[in-house]
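Reader: I have some questions about how the terms used for a protein model are justified. Can we go through them one by one?

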Amino acid sequence: MRDVTILDIFEHHIAQKYLKRSGMAHAIAVAYHAFHLAREHKVDVDIAAKAGFLHDIGHFTWYRNGKWDYELYRKNDIHPIKGAERAHKLLIRLGENPVQAKATSLAILFHTDSFLPSNDIIRTPLQQVVKWADEKDEEEGGNHHYRKIEHERAKQSIIRLDKMIDEEIMSGKSGGGAQLPS
Ligand SMILES: [Fe+2]
């Protein structure tokens with residue numbers, strides 16, 4: 001039995017507030033991609049799906065004169081840092097196992113190189129899976145952030161994903177156990 005389900009996260013007002021900002025449809029799509037990739041690469045499906053779901057929770061709105069300013073965003077964005085911290089706080093509040101919360105937070109921190117001066121991070125397989133999952137759902141011009149999903153449909157998708165995670169864990173096939181950096 002998991003301490004926290006994706007539905008617990010989805011229903012929390014903090015997740016609703018920030019995931020709607022960066023796109024709930026994108027968050028759900030990346031969570032599904034992360035689940036499937038985790039299964040394929042034999043890493044923990046629960047952590048991968050949670051990190052996929054929460055990976056963009058740190059986005060800030062870079063508006064100037066009422067319009068999104070891509071230049072401001074590109075120069076100043078730290079959404080993976082903010083997201084890693086915000087997701088960690090949320091998971092701990094919901095009662096997540098601290099080892100798992102840290103692994104989830106680190107996967108969010110390293111899901112992109114966009115905020116770093118160089119792109120030479122060496123990722124764990126779990127962190128790599130979350131990065132690939134995000135890239136799978138990317139659309140040109142950042143359009144993936146604007147795709148809409150109705151609340152009830154989003155909720156049903158999350159319930160289905162939780163069931164898939166539970167089945168995978170029960171079958172004993174999941175990579176299991178948080179992968180901490182050595
Ligand atoms: Fe993303």
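Reader: Which exposed residues does the face of α9 turned away from its buried side carry?
Author: This is a predicted model. In it, that face of α9 carries Glu152, Gln156, Arg160, Lys163, Glu167 and Met170. To be called exposed, a residue must have 12 or fewer other C-beta atoms within 10 Å of its own.

Reader: Which residues of α9 are buried?
Author: Ile158, Leu161, Ile165 and Glu168. The cut-off for buried is 20 or more other C-beta atoms within 10 Å.

Reader: What puts the buried residues on the same side of α9?
Author: The arc does. They cover only 85° around the axis, so they sit on the same side of α9. The general rule helps here. An α-helix has 3.6 residues a turn, so residues three or four places apart point the same way.

Reader: What do the buried residues of α9 pack against?
Author: They pack against α1, α3 and α4.

Reader: How do you know that the reach of α9 is close to the expected one?
Author: Set the two values side by side. α9 has 20 residues, and 28 Å is expected at 1.5 Å a residue. From first C-alpha to last, α9 reaches 29 Å. After α9 comes glycine 172, with a positive phi near 80°.

Reader: Why is arginine 153 called partly exposed?
Author: Arginine 153 is found in α9. Count its neighbours: 13 C-beta atoms inside 10 Å. Exposed needs 12 or fewer, and buried needs 20 or more. The count of 13 falls in between, so arginine 153 is partly exposed. Its C-alpha is separated by 9.8 Å from that of alanine 25, 128 residues apart along the chain.

Reader: What about lysine 42: where is its place, and what is the sign of its phi?
Author: Lysine 42 is in the loop between α3 and α4. Its phi is positive, about 55°, although the residue is not a glycine. Most residues other than glycine have a negative phi. Lysine 42 has 13 other C-beta atoms within 10 Å, so it counts as partly exposed.

Reader: What makes a set of residues a nonpolar core, and how many residues has the largest one?
Author: The members must be buried, must be of the listed types such as Ala, Val, Leu and Phe, and must be joined through C-beta atoms within 7 Å. The largest such core has 45 residues. Ala31, Ala34, Phe35, Ala48 and Ala49 have the most contacts inside it. Helices that each supply at least two residues include α1, α3, α4 and α9. The largest share, 11 residues, comes from α3.

Reader: Which residues is alanine 48 in contact with, leaving aside its neighbours within four places in sequence?
Author: Among them are Ala34, Phe35, Val43, Leu126 and Val130.

Reader: How do you know that the chain is as compact as a globular protein of its length?
Author: First, its make-up: the chain has nine helices and two strands. Now compare two values. The radius of gyration is 15 Å, and the globule rule gives 16 Å for 182 residues. These are close, so the chain is as compact as a globular protein of that length. Of the 182 residues, 42% count as buried.

Reader: Where does UniProt place the domain feature?
Author: The unreviewed entry places "domain: HD" at residues 23-139. The end C-alpha atoms of that span lie 12 Å apart, and the span is 64% helix and 3% strand.

Technical notes
Residues numbered from 1 in each chain as written. Predicted model: local features only at pLDDT ≥ 70, side-chain atom pairs only at ≥ 80, totals over all residues. Helix = DSSP H or I, 4+ residues; strand = E, 2+ residues; numbered from the N terminus. Contact = placed C-beta atoms within 7 Å. Rg over C-alpha atoms; globule rule 2.2 N^0.38 Å. UniProt positions renumbered as here; feature names shortened; annotations may be inferred. Expected span 1.5 Å × (residues − 1). Arc of directions from axis to C-beta.
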